[in-house]
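Welcome! Open your viewer, get comfortable, and follow along one selection at a time.

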Amino acid sequence: MDSITIREAVLTDAQGISDVLQDIAAAGKRNKRCDVDFAREHYVADPDRIRCSVAVQGDQALGFQSLKRAIENNPYGAPVGWGVIGTHIRPSAARRGVGRALFRATLLAAQESGLSAIDATISPTNTEGLAYCSAMGFVDYRQHDGARCKSYSLT
Ligand SMILES: CC(C)(COP(=O)(O)OP(=O)(O)OC[C@H]1O[C@@H](n2cnc3c(N)ncnc32)[C@H](O)[C@@H]1OP(=O)(O)O)[C@@H](O)C(=O)NCCC(=O)NCCS
């Protein structure tokens, strides 16, 4: 079986990222947009992007992690200048260490960018997302629109 590679996303990864989101939606774990344009605009080519990493095995994207800079009036209410993280792994590839490997790449990018902290905004019912972020070292720091917000300090 091919090994798993973690690398920076390029424009042609928008389709694979969309496929990952669609798999998550099909498993009942997502109700937001999953289309290719969304994947391109919201992740790969987002102007606030610091790093978007994809985990690839053969020609299939298994998952991705997005790190963006929190700007004024960001939808997560994260402090301006922090990073904001989003993680999405195909259910069929879950619990194989893909999320952990992606976070190593994200952490390096966050350190290189001089971020002081990273926000992860998660639904309180998303037990796997909450467990994953806690396992990566995030801690609760506030609530926003009913979501639980966890932070990872880089200082
Ligand atoms: C949550 C998610 C990102 C985890 O990704 P993953 O690749 O399965 O995570 P890993 O295999 O790297 O797991 C790392 C650690 O996170 C924790 N974890 C991950 N999934 C978990 C689960 N379902 N239940 C409990 N703990 C879990 C564990 O501590 C795990 O370490 P271990 O396997 O050595 O015990 C993935 O399930 C996912 O994309 N879910 C749908 C979208 C989502 O909820 N995103 C999260 C928003 S922050």
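Helices (H or I, at least four residues) and strands (E, at least two) are DSSP runs, numbered from the N terminus. This is a predicted model, where local features need pLDDT of at least 70, side-chain atom pairs count only at pLDDT 80 or more, and totals for chains, interfaces and linings use all residues. Residues are numbered from 1 along each chain as its sequence is written, and side-chain values use heavy atoms, with hydrogens and water left out.

**Stop 1: the shell around the ligand.** Select the ligand and the residues near it (one heavy atom within 4 Å). You should find 19 residues, with I89, R95, G99, R100 and N126 the closest. Now colour β4 (83-89), α3 (98-113) and α4 (127-136), since each of them supplies at least two residues of this shell. The largest share, seven residues, comes from α4.

**Stop 2: polar contacts.** Here we look at pairs of N or O atoms within 3.5 Å. Zoom in on I89: a backbone N or O atom of this residue lies 2.7 Å from an oxygen atom of the ligand. Move to R100, where a polar backbone atom is 2.8 Å from a ligand oxygen. Then pick E128, which has a polar side-chain atom 2.9 Å from a nitrogen atom of the ligand. On its own, the ligand has 910 Å² of accessible area (Shrake-Rupley method, 1.4 Å probe), and the protein covers 77% of that.

**Stop 3: the pocket.** Hide the ligand. A pocket is an open set of points on a 1 Å grid over the protein atoms alone, where a 1.4 Å probe fits, with protein on both sides within 12 Å along at least five of seven lines; lining residues have an atom within 4 Å of a point. Which pocket did the ligand take? The space belongs to the largest pocket, where a molecule sits if more than half of its atoms lie within 2 Å of the grid points. Select T87, H88, I122, N126 and G129, which lie nearest the pocket's centre among 45 lining residues.

Methods
A polar contact is a pair of N or O atoms within 3.5 Å; within protein, one must be able to donate a hydrogen and the other to accept it, and residues adjacent in sequence count only if both atoms are side-chain atoms.
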